[in-house]
Amino acid sequence: MSTIKSPLPEEALEVAALALHDTLVDLVDLALVGKQAHWNVTGPRFRTIHFQLDEVVATARTHADTIAERTATIGVPADARVATVAKETRISQVDAGWLRDDDVVAMFVRIYGEAIERLRRRAADTERADPVTNNILVDIIQDLEKQYWMWQAETG
Ligand SMILES: [Fe+2]
C-alpha cells in the first residue's frame, strides 16, 4: 500500500501514470542524447550547435523533474533508472564517436518530431483523466515545439 494518497480515482490514475512515465523516459533520454551530441559534434557549425544542445539538455532536465514530481504527487513512484530508460526509450539513438554538424541537426529534427508526436498523444489521453497532468504535458509540448522549430530552421 502506498504512503502517498492519490488525488485521482484508479482509472484516471492509470492513464496519468502511464503518460507521465513514458514522458519521463523520453525526457531523460533526450537529455542524454543531447549531451552526447554536445560533446561530439564537429564541423563549421560546431559552436552554434554545441550551445543549442545545452538548451536541449537544460529543458529536458527541468521538465523531467516536473514530470517525476507529478508522478510522485499522484501516488506513483517515479522510475528513471538507467536500466529502465535503456529498455524503454523510444528516442532515436546517436552513434558513438564524432558527429557531423549537419547530421546532428537532421538527427534532432527527427528526435523532436517523434517525441512531440508521442507527447501530443499523451496530452490527448490525459485531457479528461487528469487535467493537471495534461497541463504539464502541454507546457512541455510548447517548449519542445519551439526548439523543434529552431532545429528545422537550421536546415533551411
Ligand atoms: Fe558543456
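In this predicted model, the buried residues of helix α5 are covered by elements that include α1 (10-40), α2 (46-73) and α4 (101-129). The buried set in α5 is made up of Thr133, Asn134, Ile136, Leu137, Ile140, Ile141, Leu144, Gln147 and Trp151. As for its length, α5 runs over residues 131-153, and at 1.5 Å a residue those 23 residues should span 33 Å. The C-alpha atoms at its ends turn out to be 32 Å apart, so the model agrees with that expectation.

Two of the covering helices, α1 and α4, also pack against each other. Their axes sit 9 Å apart, at an angle of about 165 degrees. Since angles over 145 degrees count as roughly antiparallel, that is therefore the label for this pair. The crossing of α1 past α4 is left-handed. On the α1 side, the residues that meet α4 include Ala12, Val15, Ala16, Ala19, Leu30 and Val33. Among their partners in α4 are Val104, Phe108, Ile111, Tyr112, Arg118 and Leu119. Sorted by class, this contact is built from 13 nonpolar, three polar and five charged residues.

Val33, one of the α1 residues in that contact, also gives a handy reference point for a loop. Asp95 is found in the loop between α3 (82-88) and β2 (99-100). The C-alpha atoms of Asp95 and Val33 are 9.6 Å apart, although 62 residues separate the two along the chain. Is Asp95 itself buried or exposed? Its relative accessibility is 58%, and the cut-off for exposed is over 50%, so Asp95 counts as exposed.

Note on methods
Residues are numbered from 1 along each chain as its sequence is written. This is a predicted model: local features need pLDDT of at least 70, side-chain atom pairs count only at pLDDT 80 or more; totals for chains, interfaces and linings use all residues. Side-chain values use heavy atoms; hydrogens and water are left out. Helices (H or I, at least four residues) and strands (E, at least two) are DSSP runs, numbered from the N terminus. The expected span of a helix is 1.5 Å times one less than its number of residues. Buried means under 20% relative accessible area, exposed over 50%, partly exposed in between (1.4 Å probe, protein chains only). Contact means heavy atoms within 4.5 Å. Axes are lines fitted to C-alpha atoms, for helices over the stretch in contact, and angles run from 0 to 180 degrees between N-to-C directions. Angles under 35 degrees count as roughly parallel, over 145 as roughly antiparallel, 65 to 115 as roughly perpendicular and the rest as oblique. A crossing is left-handed if the near helix is turned anticlockwise from the far one by less than a right angle, and right-handed if clockwise. Ala, Val, Leu, Ile, Met, Phe, Trp, Tyr, Cys and Pro count as nonpolar, Asp, Glu, Lys and Arg as charged, and the others, Gly among them, as polar.
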